[in-house]
Amino acid sequence: MTITITAFERSPDRGRGLARDMRVRWALEEAGQPYEVRLVSFKTMKEPAHLALHPFGQIPTYEEGDLALFESGAIVFHIAERHAALLPEDANARARAVTWMFAALNTVESPIFERSLATILERDEPWYERRLGVLDDSIRKRLGSLSTRLGDADWLDGAFSAGDLLMVTVLLRARASGLLEEYPNLGAYVARGEARPAYQRAFAAQLAVFTAASAADKGPVT
């Protein structure tokens, strides 16, 4: 059965690999699974057909036969459960990898994503600088703990897993703030993730969508 995922027709991340379909693309590439992409506009995401797949009107979604999933973490977990490339066989190691998946999405991502939104939605507010300081302190607390735990290891718990995949995609969002640079081992960890061939294929595919949309907006050269 063909796997179909949804992605932004015109991604707000401007081709930087930050949109959440990137996580699903990367997981499918690591698993060696072919997939198709259905591009959706912001208008389409609020229409009944898409809301039937994703009740919150977001991306990505995942369709395979009569199975339809939403939430990038749940989709990655579904893929990982079925392919050895993303979760170890040992039961305890597998449980730890799943724990890191939850840690990435629940503990580390929350203040990072909140900061991203604040820089867009609250920049002109009188409380902006104070708000940013609070968020930065929260992010540093999370990154400091993660940096200590990672130490000089390549990955979070032995071999690369879905836990690393999600953690790297979360940390990539922190790069623009400059906070990631304060933790060299985390910067190197993210770079290792980006260097993986599966990541490179997923990034190229997502970037191609943005490039094509930008070219269409400019129109033909005369």
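Me: How much space lies in the second largest cavity?
Reply: About 30 Å³. Keep in mind that this is a predicted model.

Me: Which residues line that second largest cavity?
Reply: G17, L18, A19, M22, R23, T169 and R173. Two elements, α1 and α6 (162-174), each give two or more residues to that lining.

Me: What classes do those lining residues fall into?
Reply: Three are nonpolar, two are polar and two are charged in the second largest cavity.

Me: OK, stepping back. How many cavities of 30 Å³ or more does the structure hold?
Reply: Two.

Me: And how much space lies in the largest cavity?
Reply: About 60 Å³.

Me: Which residues line the largest cavity?
Reply: From the start of the chain, A7, F8, E9, S11, D13, G15, A19, D21 and R25. Then come Q206, V209 and F210.

Me: Which elements give two or more residues to the lining of the largest cavity?
Reply: Strand β1 (3-8), helix α1 (21-31) and helix α8 (197-218).

Me: Which of them gives the most?
Reply: α8, with three residues in the lining of the largest cavity.

Me: What about classes in the largest cavity?
Reply: Five lining residues are nonpolar, three are polar and four are charged.

Me: Back to both cavities. Where does A19 sit?
Reply: A19 is in the lining of the largest cavity. A19 also lines the second largest cavity.

Me: And what does α1 do in the two linings?
Reply: α1 gives two or more residues to the largest cavity's lining. α1 also gives two or more to the lining of the second largest.

Note on methods:
Residues numbered from 1 in each chain as written. Predicted model: local features only at pLDDT ≥ 70, side-chain atom pairs only at ≥ 80, totals over all residues. Heavy atoms only, no water. 1 Å grid on protein atoms, 1.4 Å probe; cavity = no way out; pocket = protein on both sides within 12 Å on 5 of 7 lines; lining within 4 Å. Points joined across faces, edges and corners; volume = space filled by probe spheres on them. Helix = DSSP H or I, 4+ residues; strand = E, 2+ residues; numbered from the N terminus. Nonpolar A, V, L, I, M, F, W, Y, C, P; charged D, E, K, R; others polar.
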